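Biologist: I am new to reading structures, and I would like a close look at one small group of linked charged residues. Please start there, then walk me outward into the parts around it.

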Amino acid sequence: MNRTKEIKRKKLYASKDINQFMADYYYELDHAAKTGDKKIAWCTSMGPAELLRAMGFLVYFPETHSAMIGTSRMATELIPDANAIGYSPGICSYLTADIGAFLNHITPLQKTFKGINNIPTPDVLVFNTNQCRDVQDWFEWYGNHFNAPVIGINTHRGIKNILDNQIDSVASQIEQLIPVLEETSGTRFDLDYFKHTIALSKECSRLWKIVLDFASANPSPLTFFDGTTLMGPAVVGRGTQKVIDVYQDKLIPELKERVHNGIGAVDNERHRIFWDGMPVWGRLRAHSELFAGLNASVLASTYCNSWIFTAFGFEDPFRSTAQAYTELFSVRSDGPKENQIKEWIDFFKIDGLVFHDSRTCPTNSNSRYGMPQRLEKETGIPCLTIDGDLNDLRCISDEQTKTNIEAFIEQLEENHL
Ligand code: SF4
């Protein structure tokens with residue numbers, strides 16, 4: 001029987017630089033909110049951040065903020081306040097935790113960054129439904145509250161083969177955002193500057209992919225749990241030079257050195273696990289230590305790979321942006337998703353898959369329509385589904401999760417013999 005052992009997490013030195021990046025990012029937003037020196041756009045995590053930056057906005061991402069609420073384990077207490085005003089406990093717990101926090105005048109930014117008391121007030125809110133409809137409802141609520149325009153893009157979902165007319169539609173919707181953005185920002189749209197922000201975003205994606213691909217080394221120098229925080233700059237900073245600097249100068253050299261010296265993120269790595277779906281933000285540390293204690297490295301994921309946008313190009317920046325934000329894993333149907341996971345299994349030399357069935361996020365819960373069973377049959381790689389949620393800890397049984405994971409690793413261990 002496997003027994004988890006006491007484990008110490010191996011921190012990357014670059015984490016400090018990543019934390020500093022995030023601090024600078026939030027202080028810049030806070031300064032703008034207090035002084036009005038720059039306009040602020042709220043954007044969904046897979047929304048058109050490059051266009052917003054090209055129009056001179058600072059960009060705030062409520063999903064990242066709600067992940068902080070989850071990490072600080074405040075979400076479960078705050079969600080009922082959003083439920084009380086009509087937002088069901090069954091819908092996205094990023095949305096309910098975030099609105100619940102706002103109703104209580106609470107933000108984890110208060111504790112993390114001295115002097116920041118509130119989230120930044122939006123001048124405009126821009127969504128893309130490529131991930132789910134919840135983001136639109138979420139932004140509508142804040143738009144009403146702040147009396148700010150809510151504009152966005154409605155993307156096709158569950159796409160098998162991406163069709164030209166789908167890209168045409170998204171590209172034209174992106175273009176149609178411009179008049180409202182010009183009016184809100186007081187800045188004329190400049191195509192060359194848009195191309196410039198796209199170039200920065202493309203480079204950010206390239207570097208973030210290099211970071212994640214280091215996990216193909218044996219042992220892997222980083223885990224999925226590391227990735228959930230290391231990806232912060234790629235999410236909130238894409239389209240800026242600063243994110244390029246922190247990955248290029250700090251994180252990548254350190255990971256390269258770890259690989260060169262054969263240093264794994266997990267000691268005595270025996271099993272290489274792929275994680276599908278959302279993290280459980282309030283259990284990042286617990287899950288990281290649980291797997292590491294079983295000599296299992298959870299080293300790659302669908303989630304961290306979501307911020308790699310390879311399609312950005314300059315010939316037609318609107319169409320390439322539409323392509324980049326439509327060809328994402330979470331936007332596709334099960335067939336392309338399964339093919340992609342099979343490629344990752346080979347590339348990362350995976351010997352077990354864990355599917356997180358996150359109660360309030362159907363988009364990122366891929367276990368509900370037979371995918372683990374199909375993959376197991378086709379690849380021979382064992383799969384485990386764990387029940388949980390990204391933010392709402394009431395949906396989680398820690399004891400059950402631990403028992404299931406221990407039994408799963410034991411099964412992998414037997415396959416090794
Ligand atoms: S994709 Fe899931 S977690 Fe993200 S906003 Fe939509 S429902 Fe929430």
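**A charged network and its surroundings**

Modeller: Let's begin with three residues, E28, K38 and K242, which are joined in a network of salt bridges. Keep in mind as we go that this is a predicted model.

Look at one link of that network. K38 makes a salt bridge with E28, and their closest N and O atoms are 3.7 Å apart. E28 sits in helix 1 (14-35), while K38 is in the loop between helix 1 and strand 1 (40-43), so to speak on the far side of a ten-residue separation. Are these two hidden or out in the open? Both fall in between: K38 has a relative accessible area of 38%, so it counts as partly exposed, and E28 is partly exposed too, at 31%.

This network is part of a wider set, as the structure holds 21 salt bridges. Two others are worth finding on your screen. In one of them, E378 pairs with K342, with the closest N and O atoms 2.6 Å apart. E378 belongs to helix 18 (residues 371-379) and K342 to helix 17 (residues 334-348), so this pair ties together parts that are 36 residues apart in sequence. E378 is partly exposed at 48% relative accessible area, and K342 is partly exposed at 25%.

In the other, D392 and R394 form a salt bridge, with 2.9 Å between their closest N and O atoms. How exposed is each partner? D392 has a relative accessibility of 4%, so it counts as buried, whereas R394 is partly exposed at 47%.

Now come back to helix 1, the home of E28, and turn inward. The largest nonpolar core has 130 residues, and the ones with the most contacts inside it are Y26, L181 and W208. Helix 1 supplies the largest share of this core, nine residues. This fits a general pattern: in soluble globular proteins, nonpolar side chains tend to be buried together.

L181 is a good place to pause. Setting aside neighbours within four places in sequence, L181 touches L51, L52, M55, F57, V124, V126, I151 and G186. There is also a second, separate core of seven residues, including M74, A75, L78 and I79.

Some of those partners of L181 lead us to a pair of strands. Strand 3 (residues 124-128) runs parallel to strand 4, and the two pair over four bridges. One of the links joins N128 to its bridge partner I153 in strand 4. Strand 4 (residues 150-153) has two unlike faces: I151 and I153 are on the covered one, V150 and G152 on the uncovered one. Behind this lies a simple rule: in a regular strand the side chains alternate between the two faces of the sheet.

Compare that with strand 5 (residues 271-276). Six of its six residues are buried, so strand 5 is largely enclosed by the rest of the structure. H271, I273 and W275 point one way and R272, F274 and D276 the other, and all are buried. Strand 5 pairs in the parallel sense with strand 6 (residues 296-301) over five bridges, and W275 has S301 as its bridge partner in strand 6.

A helix can be enclosed as well. In helix 5 (residues 93-103), ten of the eleven residues are buried, so this helix is largely enclosed by the rest of the structure. Among the elements covering its buried residues are helix 3 (62-71), helix 4 (75-84), helix 7 (134-146) and helix 15 (302-305). Just after helix 5, H105 takes a positive phi of about 55°.

Y94 is one of the buried residues of helix 5, and Y94 is also among the residues around the ligand, together with C92, Q131, C132, V135, M278, C361, N364 and L390. That shell divides into seven nonpolar residues, two polar ones and no charged ones.

For the last stop, return to the start of helix 1. Y13 lies in the segment before this helix, and with a relative accessible area of 71% it is exposed. The C-alpha atoms of Y13 and L255 are 9.9 Å apart, although 242 residues separate the two along the chain.

Terms used. Residues numbered from 1 in each chain as written. Predicted model: local features only at pLDDT ≥ 70, side-chain atom pairs only at ≥ 80, totals over all residues. Heavy atoms only, no water. Near = heavy atom within 4 Å. Nonpolar A, V, L, I, M, F, W, Y, C, P; charged D, E, K, R; others polar. Salt bridge = Lys/Arg side-chain N within 4 Å of Asp/Glu carboxyl O. Buried < 20%, exposed > 50% of the residue type's maximum accessible area, 1.4 Å probe, protein only. Core = buried A, V, L, I, M, F, W, Y, C linked by side-chain atoms within 4.5 Å. Contact = heavy atoms within 4.5 Å. Pairing = 2+ DSSP bridges.
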